[in-house]
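Colleague: I should like a close look at a single helix of this chain and at the way it packs. Please then set it beside other parts of the model.

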Amino acid sequence: MLPRPPHYRRLPPHAALQAHRQGRHHLQRPRARRARPRPLRLDPEGTYLISGGLSGLGAHTARTLVRHGARHLALVSRRGHEAPEAPGLLEELRTQGAQATAHTADVSDPHTMQPLLEQLQAGPHPLRGVIHAAMHIDDHPLTELTDDQLHAIIAPKWGGALQLNAACPRTDFVVYSSISATAGFMHQAGYAAANLTMEALVRARRAAGRPGTFMIWGAIDRVGYVARNQLTGALTSMGAAPVDPDDALDALAGHLSNGSEGSAFGRVDWHRLGAVCPSLASPRFAAVRPPEIAGDEWHLEAVRRRLATATPPEALALIEDMLAAVISETLHLPPEDIDRNRPLQQYGMDSLLAMEVLARFRVYIDQDVPIMELLHTDGTIHGIAETMLPHVLRRVHTNATSTLPQPRPDDAADPAAE
Ligand SMILES: NC(=O)c1ccc[n+]([C@@H]2O[C@H](COP(=O)([O-])OP(=O)(O)OC[C@H]3O[C@@H](n4cnc5c(N)ncnc54)[C@H](OP(=O)(O)O)[C@@H]3O)[C@@H](O)[C@H]2O)c1
């Protein structure tokens, strides 16, 4: 389970300024806070609208709301009644004592949403809460996304959130976000943007005294996109093993009853996920990253220290060692079986695996190396390390502070000076 996001104590401006002058950080370190959740009681007289509520996690959310007392549900999706799960779901909810209706609407389209929202508000069971779960995913590197593809990804989440926000200023307002946005999964930049803007919208609502909550989900098992596309194995090996949707929605219920701004629920292997999401090495994750990662042989600071005092040949050997470690993990080969002077293509390294190696390597060195330069290497670990060396050393020495030891002089030519 992801730790809850840190709780910061907000200081009044004068105290913050004073703290700043005294060199203290005006945000205090997060303190663990575990409150026993109160049972969630929903209003049986109000209507709860779920966008994307006729399939996947949205449909499972409908079941959960009914378990917690909701009796009127409006489930919205573009296919509406035509969604494959719709008839079974509506019947199931009916047998549990709830009246659920399917609505055919694009949540981002004001022409269909406004009349629907007005109709629900004017009905005998006015809107009491909104869960915004609609989504569209289309993974590509950002540079390859067309405007149409980007729009299709962003519109259901952000466009939908805007429609619901405008029409429901005072109702409970929950948006579903994703760990992909928090961690920065490659090829999901549009999805990340849509999720993060929704989280910002929730913060803005709360700042204006309105209800709002975001829930950041890790991968979900059994229902929804991951299960449907058989991504469980791939996500587990990336470090984001899916969780059972019942556990996830129990967590949501607890979170809603506590009324906090946002929460995250998922199962994360920080080592693995950090290898493919370099941003997890950044300081903003320090409060949630497990301490043992700091003891990692290849932890960023440890690597920097070793590089800062290394002679150029030592630095080159260190980078070769790091590359060999990453490549052996990626190719599932013992490091000693990888000849550093043999082209990696001969070990089955393709362009996708090469991208994964680069992403993992960035975690160790916190530095991009221009792809075009890498394409001109001979494709061996030795050749790649030689190309990376000047970039890595430049980064290390740019970042050198008084806490880092100074580099030792060496007679050998300094590749960083090339
Ligand atoms: N599944 C996971 O592992 C996971 C992980 C992290 C976060 N989440 C979040 O959880 C939510 C649900 O995910 P899921 O896996 O259950 O997705 P899903 O099974 O693909 O369901 C998404 C739903 O959104 C509806 N939808 C798409 N565009 C819409 C639009 N413009 N207007 C109205 N409805 C629209 C789709 O129905 P129509 O095609 O009929 O419109 C579909 O019912 C998403 O917000 C997602 O970001 C899921």
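**Helix H2 and its surroundings**

Modeller: H2 passes helix H10 in a right-handed crossing. The model is a predicted one, and the description below starts from this pair of helices. The two helices, H2 and H10 (residues 245-258), pack with their axes 10 Å apart and at an angle of about 60°. That angle makes H2 oblique to H10, because an angle has to be under 35 degrees to count as roughly parallel and has to reach 65 to count as roughly perpendicular. On the side of H2, the residues that take part are Leu57, His60, Thr61 and Thr64. On the side of H10, they meet Pro245, Leu249 and Ala253. By class, the contact of H2 with H10 divides into 4 nonpolar and 3 polar residues, with no charged residue. As a general point, an α-helix has 3.6 residues a turn, so residues three or four places apart point the same way.

H2 itself covers residues 56-67, which gives 12 residues. From its first C-alpha to its last, H2 reaches 17 Å, close to the 16 Å expected at 1.5 Å a residue. The helix is mostly covered, with 10 of its 12 residues buried. The buried residues of H2 are Gly56, Leu57, Gly58, Ala59, His60, Thr61, Ala62, Thr64, Leu65 and Val66. Among them are Leu57, His60, Thr61 and Thr64, which also meet H10. Just after H2, Gly69 takes a positive phi of about 110°.

For the chain as a whole, buried residues make up 36% of the 418 residues. The chain has 16 helices and 7 strands. Of the contacts between residues at least 6 apart in sequence, 69% join residues at least 24 apart.

A second helix pair may be set beside the first. Helix H5 (residues 147-167) and helix H7 (residues 189-207) have axes that come within 8 Å and cross at roughly 15°. This makes H5 roughly parallel to H7, and their crossing is right-handed. From H5, the residues in this contact are Leu150, Ile153, Ile154, Lys157, Trp158, Ala161 and Asn165. From H7, they are Gly190, Tyr191, Ala193, Ala194, Asn195, Thr197, Met198, Leu201 and Arg205. The contact of H5 with H7 has 10 nonpolar, 4 polar and 2 charged residues.

Backbone angles in the loops also deserve attention. In general, most residues other than glycine have a negative phi. Arg222, a residue other than glycine, has a positive phi near 70°. Arg222 lies in the loop between strand S6 (213-217) and helix H8 (225-228), and Arg222 counts as partly exposed because it has 15 C-beta neighbours inside 10 Å. Gln230 likewise is a residue other than glycine with a positive phi, near 50°. Gln230 is placed in the loop between H8 and helix H9 (232-238). With 8 C-beta neighbours inside 10 Å, Gln230 counts as exposed.

A last position is Pro87, found in helix H3 (residues 86-95). Pro87 has 13 C-beta neighbours inside 10 Å and therefore counts as partly exposed. The C-alpha atoms of Pro87 and Ala102 are separated by 9.1 Å, and the two residues are 15 residues apart along the chain.

Definitions and conventions. Residues are numbered from 1 along each chain as its sequence is written. This is a predicted model: local features need pLDDT of at least 70, side-chain atom pairs count only at pLDDT 80 or more; totals for chains, interfaces and linings use all residues. Helices (H or I, at least four residues) and strands (E, at least two) are DSSP runs, numbered from the N terminus. The expected span of a helix is 1.5 Å times one less than its number of residues. A residue is buried if 20 or more other C-beta atoms lie within 10 Å of its own, exposed if 12 or fewer, and partly exposed in between; C-beta atoms are placed from the backbone. Axes are lines fitted to C-alpha atoms, for helices over the stretch in contact, and angles run from 0 to 180 degrees between N-to-C directions. Angles under 35 degrees count as roughly parallel, over 145 as roughly antiparallel, 65 to 115 as roughly perpendicular and the rest as oblique. A crossing is left-handed if the near helix is turned anticlockwise from the far one by less than a right angle, and right-handed if clockwise. Two residues are in contact if their C-beta atoms, placed from the backbone, lie within 7 Å. Ala, Val, Leu, Ile, Met, Phe, Trp, Tyr, Cys and Pro count as nonpolar, Asp, Glu, Lys and Arg as charged, and the others, Gly among them, as polar.
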